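Student: I'd like to zoom in on one part of this structure and see how it fits with its surroundings. Pick a stretch and take me through it slowly, please.

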Amino acid sequence: MDSVYQYLGYPAQVNDDSETSSRDHLWLYGVGTFVVLWTLGWLYRDSLEIEDIKEKYVFVTGCDSGFGNLLCKRLDRRGFRVIAGCLTEKGADDLKRATGPYLKTVLLDVTSTGSIQKAMEYTKQEVGDNGLWGIVNNAGRSLPMGPSEWMRLEDYTSTLKVNMTGVIEMTLTFLPLIKQAQGRIVNVASVLGRVAANGGGYCISKFAVESFSDCLRRDIHYFGIRVCIIEPGFFKTAVTSLDPIERELHRLWNQLTPEVKASYGDKYLDNYIQIQRLIMNAVCDSDLSKVTNCMEHALASAYPRTRYSAGWDAKFGWIPLSYMPSCVIDIGLKLVMPRPAKSV
């Protein structure tokens with residue numbers, strides 16, 4: 001053993017204490033070696049990709065702009081057979097002009113069962129015996145956002161129909177085609193599906209996407225289907241555009257009763273809007289590829305990850321916060337958000 005210790009750079013054993021110390025060092029050396037080898041193995045496994053990409057069909061929702069639009073262009077360049085679900089004809093035409101001949105578009109409203117069924121029938125004819133390799137449930141909306149007391153039931157349901165019910169119905173409708181290809185389901189959640197930082201239906205819907213995806217993954221893994229969750233941080237898209245956010249806040253404020261307005265005070269709305277401007281301008285990342293890289297990896301990797309955290313604010317801010325005691329987040333939001341006039 002003295003020879004082994006000397007080879008590893010440890011002093012020869014001279015007494016019981018030094019022997020114990022050497023053994024401890026050897027144990028730490030072994031653990032360190034295991035960690036390094038495991039990390040290298042994970043990185044190698046994570047880099048492996050599927051074969052025959054040009055024979056893989058992928059359906060993406062919400063492709064008029066933002067993440068979905070950029071993802072379709074990237075997948076089209078990679079050789080995937082992309083079917084892009086667009087809400088408007090203009091969005092579909094613009095995407096066609098920016099991509100190759102193999103990309104197909106279909107008009108899709110994820111809040112309409114009839115629209116989803118038509119999209120599924122079109123996709124079924126396109127994919128044939130290949131089945132559908134992947135579906136990316138990207139379509140979403142964020143507004144209205146604001147204090148929970150300012151909301152009405154329809155303000156919640158308008159968001160939940162897109163972000164929650166739309167994701168569930170799209171997934172269940174297209175699932176037979178995905179089972180046929182033993183493919184992938186990629187659901188776009190959010191860091192606000194980990195930390196509920198504001199009122200409205202957005203956080204609720206993203207928590208629901210997280211839960212639905214976890215349940216689905218555990219239910220259907222027997223069929224060789226992978227379910228992946230994308231958790232983007234704050235990015236500069238239509239979802240985080242300040243003008244619509246401020247318009248909705250004014251609308252919500254104007255529908256409040258005089259008593260509720262008085263409890264918040266005349267300056268509360270202006271202060272709230274100023275905070276939103278500060279947060280969006282300081283935090284939002286303009287590099288959308290950080291999100292689409294995760295989506296692309298979930299579709300092209302031989303061993304996709306269960307969760308992808310996109311953006312530095314997600315990795316080093318929101319995700320760590322989600323593991324902390326609730327009081328930490330409560331105190332943080334209390335320090336940032338304005339106080340009502342009649343607060344206790």
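Tutor: One bit of bookkeeping before we zoom in: helices are DSSP runs of H or I with at least four residues, strands are E runs of at least two, and both are numbered from the N terminus. Counted that way, the protein has 13 helices and nine strands. Keep in mind that this is a predicted model.

Here is the overall frame. The protein has 344 residues, and 46% of them count as buried. Its C-alpha trace spans about 85 × 65 × 35 Å along the principal axes. If you take the contacts with a separation of 6 or more, 70% of them come from residues 24 or more positions apart.

The part I'd pick is helix α8, residues 242-254. Start with its length. With 13 residues at 1.5 Å a residue, α8 should span 18 Å, and its end C-alpha atoms are indeed 18 Å apart, so expectation and model agree.

Now look at what α8 hides. Leu-242, Ile-245, Glu-246, Glu-248, Leu-249, Leu-252 and Trp-253 are the buried residues, so you'll find two glutamates in that list. Looking down the axis of α8, these buried residues fit within an arc of 160 degrees, so they line one face of the helix. There's a simple rule behind this kind of pattern: an α-helix has 3.6 residues a turn, so residues three or four places apart point the same way. The face of α8 that is turned away from the buried side carries Asp-243, Arg-247 and Asn-254, which are exposed.

What does the buried side of α8 sit against? The elements covering those residues include β5, α6, α9 (258-264) and α10.

Let's follow α10 (268-283). One residue of that helix is Gln-276. Gln-276 has a relative accessible area of 11%, so with a cut-off of under 20% it counts as buried. Leaving out residues up to four places away in sequence, Gln-276 touches Leu-242, Leu-249 and Met-337. Leu-242 and Leu-249 belong to the buried set of α8, and Met-337 takes us on to a pocket.

That pocket is the second largest, with about 380 Å³ of space. There are 15 residues in its lining, and Tyr-268, Tyr-272, Leu-333, Met-337 and Pro-338 lie nearest its centre. Two helices, α10 and α13 (326-336), each supply at least two residues of the lining. By class, the lining has nine nonpolar, four polar and two charged residues.

Back to the cover of α8, and this time to its other members. β5 is residues 145-146, and the loop between β4 (134-137) and β5 holds Pro-144. Check the backbone there: the peptide bond from Leu-143 to Pro-144 is cis, with omega near 0 degrees.

Then there's α6 (153-181), which also packs against the buried residues of α5, along with β1 (57-61), β2 (81-86) and β3 (104-107). Past α6, in the loop between that helix and β6 (184-188), comes Gln-182. Gln-182 isn't a glycine, yet its phi is positive, near 50 degrees. Its relative accessibility is 49%, so Gln-182 counts as partly exposed.

For a companion to α8, try α5 itself. α5 runs over residues 113-127, and its 15 residues at 1.5 Å each should span 21 Å, which agrees with the 21 Å between its end C-alpha atoms. Its buried residues are Ser-115, Ile-116, Ala-119, Met-120, Thr-123 and Val-127. These cover an arc of only 135 degrees around the axis, which puts them on the same side of α5. On the other side, Lys-118 and Gln-125 are exposed.

Met-120 is a good residue of α5 to click on. Met-120 is buried, at a relative accessible area of 12%. Not counting residues up to four places away in sequence, Met-120 touches Thr-173, Phe-174 and Leu-177. Right after α5 comes Gly-128, with a positive phi near 60 degrees.

So, to return to α8: one face is lined by its buried residues, with β5, α6, α9 and α10 among the elements that cover them.

Definitions and conventions:
Residues are numbered from 1 along each chain as its sequence is written. This is a predicted model: local features need pLDDT of at least 70, side-chain atom pairs count only at pLDDT 80 or more; totals for chains, interfaces and linings use all residues. Side-chain values use heavy atoms; hydrogens and water are left out. On a 1 Å grid over the protein atoms alone, a cavity is a set of points where a 1.4 Å probe fits but cannot get out, and a pocket is an open set with protein on both sides within 12 Å along at least five of seven lines; lining residues have an atom within 4 Å of a point. Grid points are joined across faces, edges and corners, and a volume is the space filled by probe spheres set on the points. Ala, Val, Leu, Ile, Met, Phe, Trp, Tyr, Cys and Pro count as nonpolar, Asp, Glu, Lys and Arg as charged, and the others, Gly among them, as polar. The expected span of a helix is 1.5 Å times one less than its number of residues. Buried means under 20% relative accessible area, exposed over 50%, partly exposed in between (1.4 Å probe, protein chains only). The arc is that of the directions from the helix axis to the C-beta atoms. Contact means heavy atoms within 4.5 Å.
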